[in-house]
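Please open the structure in your viewer and keep the selection panel at hand. The stops below go from the whole chain to particular sites.

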Amino acid sequence: MRRLLLRLLALSVLGLLMLGGWVVWLNRMPPLEPGGLPADAAQARLRGAYLARAGNCAACHTRPGGLPYAGGRAIETPFGTVFSSNLTPDRIHGLGAWSADDFWRALRHGQSRDGRWLSPAFPYTSYSLMQRQDSDDLYAFLSGLPAVAQANRPAALRFPFDTQAALGLWRALYFRPATLATRPDKSPSWNRGAYLVRALGHCGDCHSPRSALGGIASDDLLDGSLMPMRDWYAPSLRAPHEAGVSDWPRDQVLALLGTGMAARGSVLGPMAEIVQGSTQHLSADDRAAMVDYLQDLPASRQPRPAQYRPAAPGLLARGQEVYEQHCKDCHGAQGQGAPGAYPPLAGNRAVELKIPQNLIKVVIEGGFAPVTTGNPRPYGMPPFSHQLDDGDIAAVLSYVRQSWGNRADAVTANDVARAR
Ligand code: HEC
Ligand code: HEC
Ligand code: HEC
C-alpha cells in the first residue's frame, strides 16, 4: 500500500514537472527587436499621443474621476477583477524607471518589467502585433505626461486564476507573439487598415469568439462574440446581418466610426466608448484604411438564421401598447427614427441580432450616442429600468423585432431577467 502511494506520488510529481516544463517551454519568447528613442522627441510624443488614441489606452488606464493614465480602473473578468496599471512616469508607481525595451516587452510579450506575466485583460494579444517604432513613440508620449504617485492595485482573482502558473498555462495555449505580414496583393491602405483593426484598435478583443478559457481561434477572428462578462454581444464584423459593413456605402461606415451615427443605426455601450475615445480621433486616411479592411473581411462562418420564433399575438399587442406609450415619440410610428437624432428600428440589423442582449441593455440602461466633434450633443435615450418590468420589456422588444419587416426571435421575460 505504502509503496503504491509512493509510486503515485512520484508519478504525479513527474507529471507536474513535465507540465511545468512544457508551459515554460511554450512561453519562451522570441528575442525583442531592437529600438530606442527616436531622434526627434517632440515629434515622437505627438505620434505617440495619436497612437494612444488609436489604441484607446486612456479608456482602460484612467479610473472614473481619476487622473489620465494613472490606472486603477477595475476590469471585470469571469475570473475576478483586474486593475489597470499606472502608466505615468512616476518612478515608484508608474513607468518612470522603465526603459523603452521594458515597455516594448510589455506590449510584445505581455510581461511586466520584473518579468511577471500580465493578465490578458490588458489586450496584449492584439498589441503584440504592433511595430517597434510605434511602441517607442507611445513610450515617448507616456514619458512626457505629468507623473502621478498613485499605487497600483493588485488583482482580485479567484484561485487558481490568481497564480502565474495559471497565466503560464493560458499563455502556452493561446499566446504567441506574431507579426502581421504585409499582404502584397492588397493596397497599402488595406494593409494599414489591417494594422489599425488587428493591432492598435484591438477590435478582435471584443468581436472575436473565445473558447471557455478565453482563447481566440484564428478562423473565428472578428466573427462575433459575447463579451467576457456576457452582458454585451459584440456582433460579427464579417456578417452583413450582424455588424459587417461589406454592403454599406463607404460614407456610412466612415460616419459610424467618426460620429457613432449612421443612417442604419448607431453605436451603443462599449462600442460608443470606442468611437468616443478612439476612432473619431483617427485621421481621415486612417479611418478610410480601416473601412478598406473591414469591407474586405472574409465571409462569416455564422449563417443568417433562416427561421425565427414568432411571438404570441397577445405579447405583440401588449408590446405595441408599450411602444406607442414610451418609444414612438422618438423612434416613430413606423420605427423610422429621425435622421441624425434617433436611430431607426425598422430595417436596423442591430434590432434583429439573434442574441437580444444589447437591446435589453439599451432599454434598461438607456444610452447616448458618443460625444464627437461631428455630433457634439447627441440625443439620448432614457433608461426604462424603473418604468417597465421584465414582461413589458420582453413585449416591446418582441414587437420591435417583429414589426415593419423586422424578423427576429421573440424576447422572453426570462431573457430580460437574465440580462438584468
Ligand atoms: C481593455 C483595457 C486595456 C487597454 C485598452 C489597455 N490596457 Fe494596458 N493594461 C490593462 C490592464 C488590466 C493591465 C494590468 C494587467 C496586470 O496587472 O496583469 C494593463 C497593463 C499595462 C502595462 C504593464 C504595466 C505594468 O506595470 O506592468 C502596460 C505597459 C500597458 N498596460 C500599456 C498599455 C498601452 C500602451 C495601451 C494602449 C496602446 C494599453 N495599455 C491599453 C488594461 C488595458
Ligand atoms: C470593448 C469592446 C469593443 C471593442 C474593442 C470594439 N467593439 Fe465594435 N462593438 C462592440 C459592441 C458591444 C457592439 C454592439 C453594440 C452596437 O451596436 O454598437 C459593437 C458594434 C460594432 C459595429 C456595428 C455597429 C452598428 O450599429 O451596426 C461595428 C461596425 C463595430 N463594432 C466595429 C468595431 C471596430 C472597427 C473596432 C476596432 C476599432 C471595434 N468595433 C472595437 C464592442 C467593441
Ligand atoms: C427620448 C427619445 C427616446 C425614447 C423615448 C426611446 N429611445 Fe430608443 N434610442 C434613442 C436614442 C437617442 C438612441 C441611440 C442611443 C445610443 O446610441 O446609445 C436609441 C437607441 C435605441 C435602440 C438601439 C438602436 C441601435 O441602432 O442600436 C433600441 C433597440 C431602442 N432605442 C429601443 C427603444 C425602445 C424599445 C423604446 C421604448 C421602450 C425606446 N427606444 C425609447 C432615443 C429614444
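The tour that follows begins with the whole chain.

This is a predicted model, in which local features need pLDDT of at least 70 and side-chain atom pairs count only at pLDDT 80 or more, while totals for chains, interfaces and linings use all residues. Residues are numbered from 1 along each chain as its sequence is written, chains are lettered from A and ligands numbered from 1 in the order in which they are written, and side-chain values use heavy atoms, with hydrogens and water left out.

**Whole chain.** Select the protein chain and colour it by secondary structure: it holds 17 helices and 9 strands (DSSP runs, H or I of at least four residues for helices and E of at least two for strands, numbered from the N terminus). Of its 420 residues, 46% count as buried (under 20% relative accessible area, 1.4 Å probe, protein chains only). Along the principal axes, the C-alpha trace spans about 70 × 70 × 45 Å.

**Iron site.** Next, select ligand 1 and His61. NE2 of His61 is the single donor from the protein to the iron atom, 2.0 Å away. Donors are N, O and S atoms within 2.8 Å of the metal (3.2 Å for Na, K and Ca); water is not among the atoms, so sites may look incomplete. Extend the selection to residues 57-61 to display helix α3, where His61 is found.

**Helix α10.** Now select residues 250-259, helix α10, whose buried residues are Gln252, Val253, Leu256, Leu257, Gly258 and Thr259. Add β6 (261-262), β7 (265-266), α11 (269-277) and α12 (284-294), against which the buried residues of α10 pack (contact means heavy atoms within 4.5 Å). Finally, select Gly260, just after α10, which takes a positive phi of about 80°.

Note on methods. Buried means under 20% relative accessible area, exposed over 50%, partly exposed in between (1.4 Å probe, protein chains only).
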